[in-house]
Amino acid sequence: MINNKICDSLSDAIKKSGLKDGMTISFHHHFRTGDLLISQVLKVIEELGIKDLKIAASAIVNLDNVDFIHYIENGTITSVEASGIRGELGNYILKNGLKRGVTLRPHGGRARAIQEGSLKIDVAFVGASSADEYGNATGAYGKNVCGTLSYPMIDVQYATKSIVITDNLVPYPCEKWSVTQDNVDYVVVVDEIGDASKIGVGAARISNRPLDLEISRQVVDAIKYSGYFKEGFSFQTGAGAIAIACTDFLRKEMEKEGIKASFALGGVTSYISEMLEEGLVQNVLAVQSFDANSAKVLFENQRMIEIDSGKYANPNLKGCSVNMVNVGILGALEVDTDFNVNLLVGSNGKMLSGIGGGPDVAAGVDLSIIAIPINRKRTPSVVDKVFTKCTPGKDIAVVVTEAGIALNPKHKNYEFLKNNLEKSSLDLKTIEELRDIAYKITGKPSGIETTDEVVANVEDRYGDIIDVIKKIKY
C-alpha cells in the first residue's frame with residue numbers, strides 16, 4: 001500500500017505544498033465563528049517567513065482568535081477576496097485598505113471565478129470534521145461537526161495543492177465524503193479543528209421581537225398570495241433572525257393549506273431539517289449547515305443532498321440550482337428607491353455583513369423578497385441611494401417592511417405579481433412611500449463620509465464591478 005499523504009504537522013504539509021511569497025491560499029467558513037483552522041495556519045505561515053499572500057476565503061466571519069491586523073502589518077497578508085469580511089479585518093480594510101487590494105463577490109461569483117480560472121488558488125486549506133489517511137473528508141460527523149463542505153468542494157478541484165486538516169482521523173474510506181481523495185495532496189491531524197457550538201452564533205437564531213415577527217407574517221402573506229405558493233413549490237429562506245421566523249410561519253401555512261414543497265435550497269437550519277423529516281419538504285439541497293441538528297440530518301437522511309457552491313449558484317454553468325427556485329427570502333442592511341440592495345457596510349461606517357448568496361438567489365428565483373424593518377435604531381433602511389450596491393435592483397421583486405410592501409415595476413415578474421397581490425388585503429405601497437415613512441421617523445441621513453481612495457471592489461456574480469467601497473473617514 002502506497003500512502004504518503006499524512007504529514008507530521010501543519011508546517012510539514014505547508015512546506016511540501018510549495019507555498020511561497022505572493023501566492024493565494026483559501027479557507028472555508030463552514031465552522032463560522034467556531035473556526036480554529038485559520039489561526040493555526042497563519043501562525044505556521046508566519047513562522048515559515050512566507051509573505052505577501054492573498055487570502056481567498058469563501059467568507060471571513062468574526063474570529064476573535066485571529067489577529068488579522070498583525071498579519072497585515074507584518075506583510076503576511078496583502079490581499080483578500082471573499083464574499084464577506086466581517087469584524088476587525090473588515091473595519092481595518094474600510095479604514096486602511098490592503099496593499100494588493102480587496103475583492104468582494106457573491107458565493108456564485110466566487111465559484112465562477114475559481115471554475116473559470118480568474119481566481120487561482122495555490123494552496124487550499126480544508127478543515128474537516130472527519131477524514132481518512134487518503135484525504136476523503138466530511139463535515140457530517142466527528143467530535144466537531146460543521147455539516148456541509150460545499151465551498152471547499154470547489155476549492156480542492158481547482159487548487160494547485162490541497163491540504164485536509166482534521167481532528168478526527170477515521171479508517172479508510174471516510175463515510176459520507178464531501179472532499180475526495182483524488183483532489184487532496186496532504187492530510188494533517190490536529191487537536192481541534194473548530195468549535196461546533198459556535199457555528200450558529202450570530203446567524204441561525206429565531207427572533208421573538210414583535211417587529212420581526214410582524215415583518216415575517218407579512219412576508220409569508222406575500223408568498224401566499226403571490227401565485228407561487230402551491231403544491232411542489234420551492235424556496236430558500238436563509239438563516240437570519242427574520243428569515244428563520246419566516247420559515248416557521250411558512251411551515252405553519254403549508255401545514256394549514258396541506259401544501260408540500262419539492263425542495264428547499266441553501267443554508268440549512270433546524271427548521272428546514274425538521275420540515276424535511278416531517279415530509280413538508282421532499283428534498284433539501286444543502287450548501288451550509290447552521291446548527292448541529294442540520295449536520296446530523298445531513299449524515300442520516302439521504303434526501304438532504306449536499307451540493308457544491310458551483311452547482312448552487314455559478315451562473316456560467318449549464319445549470320445552477322438557484323435558477324430552479326420559486327421563492328427566495330433575503331435580508332439587507334438597506335435598499336434604495338431603485339431596489340438596489342446593500343449587504344456590506346452599515347450606516348456606522350463598519351463592515352456589518354457579507355454578500356453571501358443574496359445576489360445569486362435574487363437573480364435566479366421567481367419571487368425575490370427583501371425582508372427588512374423600515375428603520376434600525378433611528379437609521380432608515382429604505383433610502384434614496386444605498387452606500388454599497390451589492391444586488392442590482394432589477395433582481396428584487398418585493399420589499400417587505402412592517403410599514404408596507406413595495407413591488408418593483410422593473411422586475412421580470414412584476415405583472416404576474418401585481419395581478420395576484422392586488423387581489424389580497426396586503427398593504428401595498430410604492431418604494432418611494434416606504435422611503436418617506438422611513439425618513440419621517442429618522443430624518444434624512446447625512447451619509448458616510450469617504451475619501452476618493454478605493455479600498456474594495458464589489459463584483460456581481462458575473463465578475464463585473466458593480467460598485468466600489470472607498471476609504472471611510474473616521
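Helices and strands here are DSSP runs, numbered from the N terminus, with at least four residues for a helix and at least two for a strand. With that in hand, you can find your way around this predicted model.

**Stop 1: two unusual backbone angles**

Start by selecting Arg32, in the loop that runs between strand S1 (24–26) and helix H2 (37–47). Its phi is positive, about 50°, although Arg32 is not a glycine. Most residues other than glycine have a negative phi. Is Arg32 buried or exposed? With 8% relative accessibility, Arg32 counts as buried.

Now move along to Asp52, in the loop between H2 and S2. Asp52 also has a positive phi, about 60°, and is not a glycine. Its relative accessibility is 23%, so Asp52 counts as partly exposed.

**Stop 2: a patch of negative charge**

Select Asp64, Asp67, Glu73 and Glu88 together and show the surface: these residues gather there in a patch of negative charge. One of them, Asp67, sits in the loop between strand S2 (53–56) and helix H3 (68–73). Asp67 counts as partly exposed because its relative accessibility is 42%.

**Stop 3: a network of salt bridges**

Next, pick out Lys54, Glu81, Arg105, Arg112, Glu116 and Glu459, which a network of salt bridges links. Zoom in on one pair, Glu459 and Arg105, whose side chains meet in a salt bridge with an N to O distance of 3.0 Å. This pair connects distant parts of the chain, 354 residues apart. Glu459 belongs to strand S24 (residues 450–459), while Arg105 is in the loop between strand S4 (102–104) and helix H5 (107–116). Both Glu459 and Arg105 are buried.

**Stop 4: an enclosed helix and the loop before it**

Select Asn144, in the loop between strand S7 (137–138) and helix H6 (150–158). At 9% relative accessibility, Asn144 counts as buried. If you would like a sense of distance, add Asn420 to the selection: the C-alpha atoms of Asn144 and Asn420 are 47 Å apart, and 276 residues separate the two along the chain.

Then highlight H6 itself. How many of the nine residues of H6 are buried? Seven are, so the helix is largely enclosed by the rest of the structure. The buried residues of H6 are Ser150, Tyr151, Pro152, Met153, Ile154, Asp155 and Val156.

**Stop 5: a loop with a cis peptide bond**

Go on to the loop between strand S8 (161–166) and strand S9 (186–189), where you will find Pro173. Look at the peptide bond from Tyr172 to Pro173: this bond is cis, with omega near 0°. Most peptide bonds are trans.

Leu169 is in the loop between S8 and S9 too. Add Ile6 and Val189 to Leu169, and you have a nonpolar surface patch of about 230 Å². Leu169 has a relative accessibility of 41%, which means that this residue counts as partly exposed.

**Stop 6: two more salt bridges**

The model holds 27 salt bridges in total, and here are two more to look at. Select Asp308 and Lys311, whose side chains meet in a salt bridge at 2.8 Å, N to O. Asp308 counts as buried, at 4% relative accessibility, whereas Lys311 is partly exposed, with a relative accessible area of 47%.

For the other pair, choose Arg435 and Asp436. Their side chains form a salt bridge with an N to O distance of 3.0 Å. Arg435 is buried, with a relative accessible area of 18%, while Asp436 counts as partly exposed at 41% relative accessibility.

**Stop 7: a buried charge without a salt bridge**

Finish with Asp336, in strand S15 (residues 334–336). Asp336 is buried yet has no salt bridge. Which side chain of opposite charge is nearest to Asp336? It is that of Lys389, 7.4 Å away. Salt bridges are counted within 4 Å, so Asp336 and Lys389 do not make one. Now show Val386 as well: its backbone nitrogen lies 3.2 Å from a polar atom of the Asp336 side chain.

Notes. Residues are numbered from 1 along each chain as its sequence is written. This is a predicted model: local features need pLDDT of at least 70, side-chain atom pairs count only at pLDDT 80 or more; totals for chains, interfaces and linings use all residues. Side-chain values use heavy atoms; hydrogens and water are left out. Patches are made of residues with over 30% relative accessible area and no salt bridge: like charges are joined within 9 Å, nonpolar side chains (Val, Leu, Ile, Met, Phe, Trp, Tyr) within 5 Å. Accessible areas come from the Shrake-Rupley method with a 1.4 Å probe; for residues, only the protein chains shown count as cover. Lys and Arg count as positive and Asp and Glu as negative; His and the chain ends are not counted. The place of a charge is taken as NZ of Lys, CZ of Arg, CG of Asp or CD of Glu. Buried means under 20% relative accessible area, exposed over 50%, partly exposed in between (1.4 Å probe, protein chains only). A polar contact is a pair of N or O atoms within 3.5 Å; within protein, one must be able to donate a hydrogen and the other to accept it, and residues adjacent in sequence count only if both atoms are side-chain atoms.
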